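Subject: A structure for you to look at

Hello,

I am passing on the structure we talked about, and below it you will find notes on what turned up. Could you have a look at it while you read?

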Amino acid sequence: MTDPSLYPCFLGPYGENDSLLERLVVEFLRDHVYWRRNVHPEDPPAIPTRAAQQPQFLEFEARLRRELHTLSAALKRSVPFHSPRYMGHMVSDLLLPGLAAQILTLPYNPNNVSEEAAPITIDLEIKAGLQLAGMLGYPADPAQPDCAFGHLTSGGTLANYQALRVALALKSFPVALRAAAPPGVDVPADDWSAFNLAPRAGLGLVDAWQRWLAALAPAKRARWRKRLQAERIEQLGLAAFFTRHPQLSTPVVVAPVTAHYSWSKGMKLLGLGREQLVLVPERGMRLDLQALQTTLQQLRASQRPVLLAVAVLGTTEFGTIDPIHEVVAARERHADAGYGFSVHVDAAWGGYLASLFREPDGRLRTIAGMRSEFNVFPSDGTYAAVAALGRSDSVTVDPHKLGYLPYGTGAYVCRDHRVMALLAEDADYIFGGEGGDDYFSRFRNLGRYIPEGSKSGAAAAAVYVTHRVLPLDHTHFGRLVGETIRSAEAFAARSERFAVEMASLLRVCVPFAPDSNLVCLALNPAGNRDVAAMNVFVGRLHDELRCDSSTPLQMHEFFGSVTTLRPEVLGENDTGRVLNELGLDPATLGNDHEQADRLLILRHTLMNPFLIDAENGISYIDRYFEFLERRVRGLLPVPRASAVA
Ligand SMILES: *Cc1c(COP(=O)(O)O)cnc(C)c1O
């Protein structure tokens, strides 16, 4: 940690802030007990005080303790996410505010399915959605008619699924409206143009329909509502809907080839089918704009509608950032030509990077101001991508990744909350109650809109409180994100030195310069030309970096992860470049060899805030490279003295 203002934020690698957490936990547990006693203080205690002395009680307590001790002992073999020696997956120490708020809330057990089961935490979830919306650059004032809306999900996977559901509801609504043919609403001329309306125009129709409906007498309104419902894709199912509209076919989702596998899951779950997931090639692990253009043109020429174009902010494997600004621009161009689709940004990993780009008043920072704090971050492309977030239609962001919060918190955020009306589970998805239907009261029935039913209110409290203690701007939460960027820059610089120092033993390359805080490292023993042999070598290194339940944690010096470079994902140019940098023979890369159809590389998530320990003058990044050097020397035969000498 280089920024002392962050010292109180975590329990700490050594548990340094244990007394703070302990005081909070004890204080709020007692507080909860007082609350119980004060609900009806006249009710006497139902469990007698003598119960604790009875044999059954003691027997129960003994069994409970025994099991808890067993659990606690077993958990000592957990992955030490908190340690600055852990650089594996997208997880690190937990922010104290979130941990404390979650522990505080747990015994109240609120269920954020609805206001009735969670009078307090449901509002916190809606507010957490607004906090995230503000960070992303969406309108975040609920008094505005087009305010954004966000809710929590179990994770990024479900948030991406929600994005698919919302996009499908919005895309198909104008077609249903056309079929229902309300006399007071101007609908598109044919099914094709209705299905390919730009998202904003689709929302306009929802609005127009709502206004027309509101002016009708209640009985007539109910009839029209029913009539529209009968035409909707959510009512008919995909098969019947497309049979009724032969001009249309199942829409496709266009995503970069690096997209997370949750997209494949979502396509299957929604019944669209994986076949409809069109993967666009990358260039340098970022969406290839040219390829996107070609794909969209081909799809349009063959009359295939597009549901969603996905851009990734922080790929799971490389932390690279797609040109969101270009994807949004493509959406505008095609919308103007009557080929509308929504843009979703999968920022499950990188969403919180945006906090570093925000002034406390919500404005975007200048790129010059940001660059003065780092070596190269942010690149022009990264800056433009983050700046364009507010123009996307929806975003996935995971508080349980770069938000440093406990698991069970992903988030889906859409730019305009009105689209959510299309998801409402019961028939009054338009004008549920008469009047007084403000932003908060509508979304307090959260269960109507989300994929889940019952869900944790404690998780919502954790997210909200964290964002209050550390607002999502560069002077608060952004400091933490800045720490990770500095670590990544230090890691990248150190890997360059490592490459030079180890040149006689090893070819080293960072296959893709990271945009954020994930850095991969490809290592090939000098002189080796064979892909399979390199993979075996990297596999051995990884064996020592991997947590497994059979070896004590203390036997591992560092913890890392691996990923693979696959030629079908990389494309010809990048594959050739990486093979060349590593000195590998392209002829050894092929499917005939089981282990040789891809390159195994080390992957490092540099989100632990203590990687650079300013207090003790220790860099765990330097130590990691010293460890790597020792291990490499241990694995490789000592090179023979040069014949020339
Ligand atoms: C992690 C991740 C997901 C999935 O999120 P979960 O919280 O694991 O469900 C989706 N997309 C990207 C880019 C991710 O990094």
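Before the first finding, one term: a pocket here is an open set of grid points with protein on both sides within 12 Å along at least five of seven lines. Please also keep in mind that this is a predicted model.

**The largest pocket**

The largest pocket has a volume of about 820 Å³. Its lining is made up of 40 residues, and those closest to the centre are Ala259, His260, Tyr261, Thr316 and Glu317. If you want to find the walls by element, look for helix H5 (156-180), helix H11 (262-269), strand E3 (277-280), strand E12 (561-565) and helix H20 (567-582), which each give two or more residues to the lining. E12 provides the largest share, with four residues. Sorted by class, the lining of this pocket holds 19 nonpolar, 15 polar and six charged residues.

Where does the largest pocket lie with respect to the domains? Domain 2 (124-469) and domain 3 (478-644) both contribute residues to its lining, so the pocket lies between them. The domain assignment also gives a domain 1, which covers 45-76. The centres of domain 1 and domain 2, taken over C-alpha atoms, are 48 Å apart.

**The cavities**

Next come the enclosed spaces. Rolling a probe the size of a water molecule over the atoms shows where empty space is left. In this model there are three cavities of 30 Å³ or more.

The largest cavity contains about 130 Å³ of space. It is lined by 15 residues, and Val166, Leu170, Ser342, Asp393 and Val419 are the closest to its centre. At least two lining residues come from each of H5, helix H7 (199-214) and strand E9 (410-414), and H5 has the largest share with four. By class, this lining divides into 10 nonpolar, two polar and three charged residues.

The second largest cavity has a volume of about 80 Å³. Of its 13 lining residues, Leu170, Lys171, Leu197, Ala198 and Pro199 lie nearest the centre. H5, helix H6 (191-195) and H7 each supply at least two residues here, and H5 again gives the most, with four. The classes in this lining are 10 nonpolar, two polar and one charged.

Helix H5 is therefore a good one to colour in your viewer: H5 gives residues to the lining of the largest pocket, to that of the largest cavity and to that of the second largest cavity.**Helix H17**

Helix H17 takes in residues 457-469, 13 in number, and reaches 18 Å from its first C-alpha to its last, close to the 18 Å expected at 1.5 Å a residue. Is H17 mostly covered or mostly open? H17 is mostly covered, with 10 of its 13 residues buried. Among the buried ones are Gly457, Ala458, Val463, Tyr464, Thr466 and His467. The buried residues of H17 pack against helix H3 (96-105), helix H4 (121-136), strand E1 (149-153) and helix H18 (477-501).

Just before this helix is a loop worth a look. Asn445 sits in the loop between helix H16 (439-443) and H17. With a relative accessible area of 36%, Asn445 counts as partly exposed, because that value falls between the 20% and 50% cut-offs. The C-alpha atoms of Asn445 and Asn112 are separated by 8.8 Å, although these residues are 333 apart along the chain. Leaving out residues up to four places away in sequence, Asn445 touches Val113 and Ser114.

**Some backbone details**

A few other loops hold points to check as you go along the chain:

- Ala181 lies in the loop between H5 and H6. Its phi is near 55 degrees, a positive value in a residue other than glycine. Ala181 is partly exposed, at 39% relative accessibility.
- Met285 is in the loop between strand E4 (282-283) and strand E5 (286-287). Met285 also is not a glycine, and has a positive phi of about 65 degrees. At 2% relative accessible area, Met285 is buried, because that is under 20%.
- The peptide bond from Phe377 to Pro378 is cis, with omega near -10 degrees. Pro378 belongs to the loop between helix H14 (367-371) and helix H15 (380-387).

Happy viewing, and do write back with any questions.

Best wishes

How values were computed:
Residues are numbered from 1 along each chain as its sequence is written. This is a predicted model: local features need pLDDT of at least 70, side-chain atom pairs count only at pLDDT 80 or more; totals for chains, interfaces and linings use all residues. Side-chain values use heavy atoms; hydrogens and water are left out. On a 1 Å grid over the protein atoms alone, a cavity is a set of points where a 1.4 Å probe fits but cannot get out, and a pocket is an open set with protein on both sides within 12 Å along at least five of seven lines; lining residues have an atom within 4 Å of a point. Grid points are joined across faces, edges and corners, and a volume is the space filled by probe spheres set on the points. Ala, Val, Leu, Ile, Met, Phe, Trp, Tyr, Cys and Pro count as nonpolar, Asp, Glu, Lys and Arg as charged, and the others, Gly among them, as polar. Domain bounds come from an automatic or database domain assignment. The expected span of a helix is 1.5 Å times one less than its number of residues. Buried means under 20% relative accessible area, exposed over 50%, partly exposed in between (1.4 Å probe, protein chains only). Contact means heavy atoms within 4.5 Å.
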